[in-house]
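Work through the exercises below with the model open. Each task is followed by a stepwise solution.

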Amino acid sequence: MDSRNRAQNGKPQQQPTASSHSRSIDLQSARQRIRQKALADKGLRFTTLWHHVYHIDHLRESYYNLKRHAAPGVDEQTWQQYGEDLEGNLQDLSNRLRRGAYRAKPVRRTYVPKLDGSQRPIGIPALEDKIVQRATVEVLNCIYEADFKGFSYAFRPKRSQHNALDALTVGITTKKVSWVLDADIRGFFDAIDHAWLMKFIEHRIADQRVIRHKDSTLFHGCTSRHDFSRHSPHNHAGR
């Protein structure tokens with residue numbers, strides 16, 4: 001089966017085992033070096049991270065880690081379609097990121113019903129934006145996972161909402177617990193202060209290319225049907 005047919009069927013293109021293994025080791029080594037520096041110096045601000053994001057091996061890994069059949073964004077491009085010329089597409093994306101020519105597309109906004117009758121907005125990024133977002137997150141995780149506490153759960157590796165519920169279950173069934181507090185912040189991502197969020201990021205990140213990228217993608221436009229608005233495209237789906 002050729003690479004185009006494999007992409008259309010949602011299957012990764014076959015790659016030489018030795019080179020794939022070598023690339024995996026190189027990526028892990030690069031991340032480990034970042035992680036070790038973050039652990040060794042809690043006040044260190046990282047100045048050269050962007051090249052890790054646009055490295056084509058990193059972008060390729062991010063592509064393969066996406067959900068194969070997720071809903072497309074405003075570009076209407078699916079995972080399978082992008083994979084028909086994967087290496088050419090990734091090389092072009094890497095070059096645009098390196099030159100500073102990459103621009104994130106507006107997020108397609110849709111809504112899902114909540115139990116209380118209201119609707120939760122869900123943002124669906126374009127496929128290339130998903131790739132870049134995942135590549136960026138993998139790099140930043142090396143730094144922030146060294147800072148976060150073990151009891152902090154959310155969008156973290158092995159610290160998802162389901163892991164939080166598991167930890168809570170163990171806590172209340174094995175220890176004496178008098179009360180449990182359940183609270184929710186209404187419209188958190190809509191109300192969060194953009195300037196302060198960027199300041200928190202800059203505590204650890206001094207690479208201005210990363211800062212500009214996060215600044216442009218955290219609060220860029222959303223499209224809902226034929227409308228365009230500039231809001232935080234939160235609750236990204238289809239990664």
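**Exercise 1. The second largest pocket**

Which residues lie nearest the centre of the second largest pocket, and how many residues line it? Then describe the make-up of that lining.

Solution. The model is predicted, so keep that in mind throughout.

Step 1. Start at the centre. Arg120, Ala183, Asp184, Ile185 and Phe188 lie nearest to it, out of 27 lining residues.

Step 2. Add the volume. The second largest pocket holds about 1200 Å³ of space.

Step 3. Assign the lining to elements. Strand E2 (119-124), H8 and helix H9 (188-191) each contribute at least two residues. H8 gives the most, with five.

Step 4. Sort by class. The lining has 13 nonpolar, seven polar and seven charged residues.

Step 5. Check the domains. Domain 1 (24-147 + 204-222) and domain 2 (150-176) each supply at least three residues to this lining.

**Exercise 2. The largest cavity**

What is the volume of the largest cavity? Characterise its lining as well.

Solution.

Step 1. Count first. The structure holds one cavity of 30 Å³ or more.

Step 2. Give the volume. The largest cavity comes to about 60 Å³.

Step 3. Name the lining. Twelve residues line the largest cavity, and Lys67, Ala70, Trp79, Leu127 and Lys130 lie nearest its centre.

Step 4. Classify. Six of the lining residues are nonpolar, three are polar and three are charged.

**Exercise 3. Helix H4 and Arg31**

Why is helix H4 described as largely enclosed by the rest of the structure? Then place Arg31 and list its contacts.

Solution.

Step 1. Count the buried positions. H4 spans residues 56-64, and eight of its nine residues are buried, so the helix is largely enclosed by the rest of the structure.

Step 2. Name them. The buried residues in H4 are Ile56, Asp57, His58, Leu59, Arg60, Ser62, Tyr63 and Tyr64.

Step 3. Move to Arg31, in helix H2 (residues 17-40). Arg31 counts as buried because its relative accessibility is 12%, and the cut-off for buried is under 20%.

Step 4. List the contacts. Beyond residues up to four places away in sequence, Arg31 touches His58, Glu61, Glu138 and Cys142. His58 is also one of the buried residues of H4.

**Exercise 4. Loop residues**

Is Ala154 buried, partly exposed or exposed? Compare this assignment with those of Glu76 and Lys158, and give the phi values of the latter two.

Solution.

Step 1. Locate Ala154. It sits in the loop between helix H7 (127-144) and helix H8 (161-174). With a relative accessible area of 29%, Ala154 is partly exposed.

Step 2. Find its partners. Outside its neighbours within four places in sequence, Ala154 contacts Arg159, Ser160 and Gln161. The C-alpha atoms of Ala154 and Ala164 are 7.9 Å apart, with the two positions ten residues apart in numbering.

Step 3. Turn to Lys158, in the loop between H7 and H8. Its phi is near 60°, a positive value in a residue other than glycine. Lys158 counts as exposed, at 74% relative accessibility.

Step 4. Finish with Glu76, in the loop between H4 and helix H5 (79-82). Glu76 is not a glycine, yet its phi is positive, at about 60°. Glu76 is exposed, with a relative accessible area of 51%.

**Exercise 5. The whole chain**

How many helices and strands does the protein chain have? Add its burial and its contacts.

Solution.

Step 1. The chain has eleven helices and four strands.

Step 2. Buried residues make up 34% of its 239 residues.

Step 3. Among contacts with a separation of 6 or more, 67% join residues 24 or more positions apart.

Conventions:
Residues are numbered from 1 along each chain as its sequence is written. This is a predicted model: local features need pLDDT of at least 70, side-chain atom pairs count only at pLDDT 80 or more; totals for chains, interfaces and linings use all residues. Side-chain values use heavy atoms; hydrogens and water are left out. Buried means under 20% relative accessible area, exposed over 50%, partly exposed in between (1.4 Å probe, protein chains only). Contact means heavy atoms within 4.5 Å. On a 1 Å grid over the protein atoms alone, a cavity is a set of points where a 1.4 Å probe fits but cannot get out, and a pocket is an open set with protein on both sides within 12 Å along at least five of seven lines; lining residues have an atom within 4 Å of a point. Grid points are joined across faces, edges and corners, and a volume is the space filled by probe spheres set on the points. Ala, Val, Leu, Ile, Met, Phe, Trp, Tyr, Cys and Pro count as nonpolar, Asp, Glu, Lys and Arg as charged, and the others, Gly among them, as polar. Domain bounds come from an automatic or database domain assignment.
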